[in-house]
Amino acid sequence: MCGIVGTLAATPVNQLIYDALLLLQHRGQDAAGIVTMQGHKCFMHKARGMVRDVFRTRNMRALPGSIGLGQVRYPTAGNAYSEEEAQPFYVNAPFGIVLVHNGNLTNAHALKEELFDIDRRHINTESDTEVLINVLAHELELAARDLPLTPKEIFAAVRAVQKRIKGSYAVIALIAGQGLLAFRDPYGIRPLCFGRASNGDFMVASESVALEGTGHVLERDVAPGEALFVDMTGKLHTEQCSDAPSLNPCMFEFVYLARPDSVLDGISVYQARLNMGETLAQRVISTMPPNEIDVVIPIPESSRPSAMQLAHRIGKPYREGFVKNRYVGRTFIMPGQGARKKSVRQKLNAIGVEFKGRNVLLVDDSIVRGTTSKEIVQMAREAGARKVYLASAAPPVRFPNVYGIDMPTKEELIAHGRSIEEVRQYIGADALIYQDVDAMKRVVSALRPGLAGFEASCFDGHYVTGDVSLADFEAIREQRANQPGDEDADARSRLALQGGSEG
């Protein structure tokens, strides 16, 4: 999962892209990169780390130009610890193309062989983004051979790309001297939207919050399968490049990934989480008498709207019982020291007065591996709670995700192959209440009439693209097994982006 942004303006865009990436930082904290173009020349800086650490004044001064793009990375394919695989990616032919990508290509391995054997293109990393940019470059070369590059040829190339690649993708690319291109997969799994500032400056980004926070007005989302091209004069061209598009946004965006102040595909993330709290409250009421609960406490931060609505619905006080430390740094290993595993206790601290002598209902956005949930339940007990109940605003996570979320393999998922009672015993809670899958889909889809459905494979095992095979899961398992070690891996735990818990 990543955050991407592209912009074309009348003035230098380096600061604008930097500001947008800060607003998208919750979508990726492993690496960041910015590319700008001045005339036909590209200027790039990318490195591992947070946006504020990657870009210094000297780096920003070296990024001139009024068109550019950027990305914050949370790796889901390739080598998580390689700076070479930080985005953007660049190819010099045809024209000169720079590209950022949010999502995951499920057929990247087959495409890599195809590119080498047939298209005569060399891929130097394990990143599926490098595969994608080379497929786009090849199709642009074919579409524009002996012809001027116009929107017609660009959209023909995108149509050909969509026929070759599988999986999920939201893409932004710069074509040197030509303009800015963006397109989305035919299922609309990963989010992408665009808008303009009052002076006509154009921006496309993963979430609406990046537009609004930089002075742009959201116009609409990029439709599933749609491509848009903004030429150097600022004129917008759009075309549907898929034969059978259907909108199936990723449910985990609404559960956890997106910022609550964003609107994705016409759905308020905040309202979606309130609605999830409403249906979760119904599950709580049907599971246990509300009078057995003294207080409702969220596990920061994504669960707060759901917890507030749940507390209101069952008539119990909502309290903040955990304080999140936002400044947990990396672990430095000195000579003679062994690796020190980071505890959730470095990230969260309990406020004892909210727990002592009370029956506490903790609300989390989701439970993935269960290790963090187990530790948080123990923290609540140590803080004096008489009983600790745990409610998850998401259903049990039973299946791996192949569409761009770094979801563990099924063997790492606490709910895979276990009953809810077995999960409760592992976590150590006095009661465990999960969201209902169908109820969750119903209350979120009610916010966007006409929605085809959701990509909710980690909950229901249904992969909307219909082309996911056992080989894809084996590739995920092998990739994870072959990841190199990293002394700071615990500090960047999977699904620990904007929340204090990775479940």
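A strand, as the term is used here, is a DSSP run of type E with at least two residues, numbered from the N terminus. In this predicted model, strand S17 covers residues 322–324, and Val323 lies within it. Val323 has a relative accessible area of 46%, and because a residue counts as exposed only over 50% and as buried under 20%, Val323 is partly exposed. Together with Ile351 and Val353, Val323 makes a nonpolar surface patch of about 250 Å².

The interior may be considered next. In soluble globular proteins, nonpolar side chains tend to be buried together. The largest nonpolar core here has 36 residues, and those touching the most other members are Met251, Phe252, Phe254, Val255, Met407, Val444 and Phe459. Helices H8 (251–257), H9 (269–287), H13 (437–445) and H14 (457–460) each supply at least two residues of this core. Helix H8 gives the most, with 6 residues. Val444 is in contact with Met251, Phe254, Ile267, Ala272, Met276 and Phe454, leaving aside residues up to four places away in sequence. A second, separate core contains 34 residues, including Ile123, Ala144, Ile175 and Ala227.

Helix H6 offers a further example. It runs through residues 151–164, and at 1.5 Å a residue its 14 residues should span 20 Å; the C-alpha atoms at its ends are 20 Å apart, which agrees. Among the buried residues of H6 are Glu153, Ile154, Phe155, Ala157, Val158 and Val161. The buried residues of H6 pack against two helices, H4 (108–119) and H5 (128–143). They also pack against strands S7 (167–175), S8 (179–184), S12 (226–231) and S13 (236–240).

Technical notes
Residues numbered from 1 in each chain as written. Predicted model: local features only at pLDDT ≥ 70, side-chain atom pairs only at ≥ 80, totals over all residues. Heavy atoms only, no water. Helix = DSSP H or I, 4+ residues; strand = E, 2+ residues; numbered from the N terminus. Expected span 1.5 Å × (residues − 1). Buried < 20%, exposed > 50% of the residue type's maximum accessible area, 1.4 Å probe, protein only. Contact = heavy atoms within 4.5 Å. Patch = residues over 30% accessible without salt bridge, like charges linked within 9 Å, V, L, I, M, F, W, Y side chains within 5 Å. Areas by Shrake-Rupley, 256 points an atom, 1.4 Å probe, with all protein chains shown as cover. Salt bridge = Lys/Arg side-chain N within 4 Å of Asp/Glu carboxyl O. Core = buried A, V, L, I, M, F, W, Y, C linked by side-chain atoms within 4.5 Å.
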